[in-house]
Every structure is written in structure tokens, then in C-alpha cells.
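Reader: I should like to discuss how parts of this protein pack against one another. Please present the structure before we begin.

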Amino acid sequence: MEKRESTVSTERELPLVSALETVRNRHSFHMPGNRAGRSFSAEFRTLLTYLDTTELDNTGDINEPNGAVLRALELAAKTFGSAQTYFITCGTTTSLRIALAGAFKPGDRVLIGKGSHLSVANSCALLGLEAVLIKQDVLPRFADGQVSEAEVLRSLEEEEDLAGVLVTTPGYYGENLPLERICLAAHALGIPVIVDSAHGAHFAIKVSGETFGEKNWPRTALSQGADMVAQSAHKTLPALTPASMLHLSQAAIESGRVSSSRLAKMLPVFQTSSPSFPVAASLDFARDFIDHDAAGYVSGLLDLLEEFVAELPPELSREYVAGDDPCRLVIDYSASNCSRQNVFKILDAHEVDVELIDARCIVCILPLDTPRESFIALGQACQEIARDGRPEDSQVEIDLAQREAFLRQSRTSLTLRESFSAESKEMNFRHALGQRSAGVIAPYPPGVPLLWPGEEITAADIALWQDMLDLAYDVRGIKSGKVEVLAGK
Ligand SMILES: Cc1ncc(COP(=O)(O)O)c(C=O)c1O
């Protein structure tokens, strides 16, 4: 479009464009994995602006795969180890909704972790599913409340009439839940396992190097027997936001645990009728990157990471054990006693943006081509964080309280649809003891519910929310000190 003189005003304002331009050269330790486009080749970057089109004879249809779309999906299925793969250009939020709608019907009881992403809570409400919470009694390692293998296995044994199970792995902190035994137990009951692997698309890379991380590279959910897996390629691979994939396994189809035709029917129900070709093309690009270049990038990244960790000051340490995602950098800063707000300020002064900062850890998603200068900037910030703390700013109690929240369940099963549509009222959260929450209460990021709709609000919840607000957390579900509770209690 040619620029024409505006007759209305001489001032032109593009606030969003300007804001985005100012962040594009900062050090990126967060999603998307494309580092503001810097991970794409110059050729692909230029091409991207030309790829936005509609369904044409030459392209095929993303919602009814055929033609070039179908060929791209076949290649992706081979790389990611599925029988069928779909490109979902509205994020894993939509992939999970399609998976749940494809596998279950209203009223079905689905086993899930309390720490499931809030899109799972919303999908259960929308689809009329009963969310059966996995009973947790082991303190989770991190504030995303990941369940343990033993807890899932016990719930599979104890709960009756389950139609399926949905687990999240890896978690935000790169921790992995072993799936093989969970899949065997679920399949013995004849029910499917859906895996929210939003953070694990890069596990399909065939690494070959000598670093500890490569030798302990995590297995994909599909290779451990999962029936359906949703992945946000945009989080950890060079792909555009919100490029997601939904994979279906051969065993799921052959056993009848999931009907592939029913799943296909759900695609246009939940995905926009105008799926984005640039986003889908970036999935094609990410798949090709995995097939040809990614292993070399992982080696380079993990070498840089080892150097970085060796230089960390003693007050900061990396949280990582064999089996975790080697490409996730979780830095425990608790021994520094630096406050969460000051960690933010120091990182910002070094032009470093990270994925999330909780009361104990700084979580960095490492784009696979993270350059040395970004690690240097992060390292300088870490030195400053180490020098900044005061004992009275210790946040260890808050971290503990946040993890303990996952051991509290006022109800073991929730029919969320009623809670979402029930009469509700707003009240000061400090006076909400004993009321039932009308919505999800979730610190954001990462968006993991501390309380689900219909759950009772306890004194420990109120104290935790207050502590988190004091640490400048954005707690979704609490606005200006008010929470929505169910009217008739
Ligand atoms: C564990 C998990 N599941 C699902 C989602 C939703 O993914 P998307 O943002 O691709 O819709 C997220 C997003 O942060 C997530 O962290």
C-alpha cells in the first residue's frame, strides 16, 4: 500500500510497533525460540513476508490437509516420530483443546495434575469434562508443581471410571516426568495418555555430542508410549509464535484409544478458519532445522552453557539433574537473598530478558543459537545479583509455600463448566476464607493454577497470594485485591 498524506492529523503513532522495535536487540532468554527473528536465515526472514496467503491449489489446506500442507505434515510426522501430525497455528492452547475434544465426550473423567496449564482448566470447562486431580503428597521440586511418576500411577490405580489422563512434561523448569510406566498402566486400562509437551518440541533433535547434557538427552513423549502430544515449537525451536503441533501415535490409532477421523473433525472446530501460512511455514522450517542443523547448534549451546555455569558466583547455582532438559537454564538465586524485584531490575539494566523469575529461581529458555555475548551479559547480571542481597529479603519461605500449594486439594474432582458459568461475586481476597473460587488463580507467567475453580480458599492460600503480590507477581484471578468467588458458597 502506498503511503498517502493523512488529512486528519500530522502526528502518526505506532505504539506497538515502536515498543516491539525497542526490544528486538536485547538478550533473549525467553520464548520464542527464534530470538526476534534472528535465528531465521536472512533468506527465510525475507520470504516470511511473502508467505501470507489463503488456501490455494498449490498450497493445500491446513485444516483439511492436502497438497503441500500434507507433504509438510508427513515430513514432520517422520521427524517427530508420530503416525500423524497436525500444524496448529493458534498455539498449544488450541492443540490441547483439539486433543481433549478428539479423545473425550462431555462428562468423561480425565486425570490431570493440579499444575496443568490454565488452558487445560479452560478446555475442561468448555468441553464439560470432569477434571480428576492427581493426589500429590511429595513436595514438587519447583513452583510449577509437577506430579511424580508414583503419584500418577497411584491415581490411575485408585480412581474409578477414568476416560484418560493428561500429564505435562517437561515442566517450565525443564524437569521431566518418566512416561513409560504411566503409559503402560493407562493402556492396560484401555485409556489414552495425552501429553502437554509444550516445552519439549526440541527433544526430537538427534544429538550426537559429548557434553553431559547430550549424553542425557531426554526421550520424547511419543517414544515412551504417549498417544497424543501437543508441542509449542515456538517456545524452543526457530518457529513463529504461536506455532504448535499435535501428534498422534500409531499405537493410539491401532488400539482404538483415539479415533484419527474424530480428531481430524475437531481441527476446524477449534482452529480459526484462516490458519496462518507463515506460522505453518515456520513449522516446516523448524522441522528442516531439526533434520539438518540442530544437533550442531545444541553442541555449541551446551558448550557455552558449561562455560557460563563454571563462572557463576557461589551465591548462584544451576538447578539441573540428569534427565532434565539440558537446554533449560534454571538459576537458583536464593543464597544471594536478592529480592525478586531487584533481580528484575538488575537483569533489565543489562538488557537481559528471561522467561520467568520466581521467589527462588530465574528460568531461561535458551534459543538454540544463543550467542556468547548474551551469556556474557547474563553472567554480569548474575555477579551483580550475588552482591545485592540482604538476609531480611530472603524469599525461601515463599518458594516453599508456593510448592506446598500443590499438596492442598479441597476437592479431588471438579466439574469446571458449572464453576465457570455459576453466579459469582467479587470480594477482597483477604476476606475470602472458606469461599470457593469462581476462577483459576494462577501466577503469570507461567500460568499454572494454584487454585482451580470450585476449590475452597484457605488461610494458607490467602497468605501465599499476599506474599506473591508483595513480590510484584502478576497473579491472574486477582485484580486490584479482589477475587471472584461462587455466590451461594
Ligand atoms: C505447559 C504449557 N502448556 C500449554 C501452554 C500453552 O501454549 P501456547 O502458548 O503455545 O498456546 C503453555 C504456554 O505457556 C505451557 O507453558
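Author: A crossing of two helices is right-handed if the near helix is turned clockwise from the far one by less than a right angle, and left-handed if anticlockwise. The model discussed here is predicted.

Reader: In which hand does helix 4 pass helix 11?

Author: Helix 4 spans residues 91–103 and helix 11 spans residues 260–270. By the convention just given, the crossing of helix 4 with helix 11 is right-handed.

Reader: Which residues of helix 11 make the contact with helix 4?

Author: Helix 4 contributes Thr94, Arg97, Ile98, Ala99, Ala101 and Gly102. By class, this contact has 7 nonpolar, 2 polar and 2 charged residues. On the side of helix 11, the contact is made by Arg262, Leu263, Met266, Leu267 and Phe270.

Reader: Is helix 4 oblique or perpendicular to helix 11?

Author: The two helices pack with their axes 9 Å apart and at an angle of about 135°. Angles of 65 to 115 degrees count as roughly perpendicular and those over 145 as roughly antiparallel. The angle of about 135° therefore makes helix 4, relative to helix 11, oblique.

Reader: How is the ring pair of Phe308 and Phe375 classed?

Author: The whole structure holds 10 aromatic pairs. In the pair of Phe308 and Phe375, the ring centres are 5.6 Å apart and the planes stand at 50°, so the pair is tilted.

Reader: How many residues apart in sequence are the parts that this pair ties together?

Author: Phe308 belongs to helix 13 (residues 294–310), whereas Phe375 belongs to helix 15 (residues 372–388). The pair therefore ties together parts whose separation in sequence is 67 residues.

Terms used:
Residues are numbered from 1 along each chain as its sequence is written. This is a predicted model: local features need pLDDT of at least 70, side-chain atom pairs count only at pLDDT 80 or more; totals for chains, interfaces and linings use all residues. Side-chain values use heavy atoms; hydrogens and water are left out. Axes are lines fitted to C-alpha atoms, for helices over the stretch in contact, and angles run from 0 to 180 degrees between N-to-C directions. Helices (H or I, at least four residues) and strands (E, at least two) are DSSP runs, numbered from the N terminus. Angles under 35 degrees count as roughly parallel, over 145 as roughly antiparallel, 65 to 115 as roughly perpendicular and the rest as oblique. Contact means heavy atoms within 4.5 Å. Ala, Val, Leu, Ile, Met, Phe, Trp, Tyr, Cys and Pro count as nonpolar, Asp, Glu, Lys and Arg as charged, and the others, Gly among them, as polar. Rings of Phe, Tyr and Trp (its six-membered ring) pair if their centres lie within 6.5 Å; planes under 30 degrees apart count as stacked, over 60 as edge-to-face and the rest as tilted.
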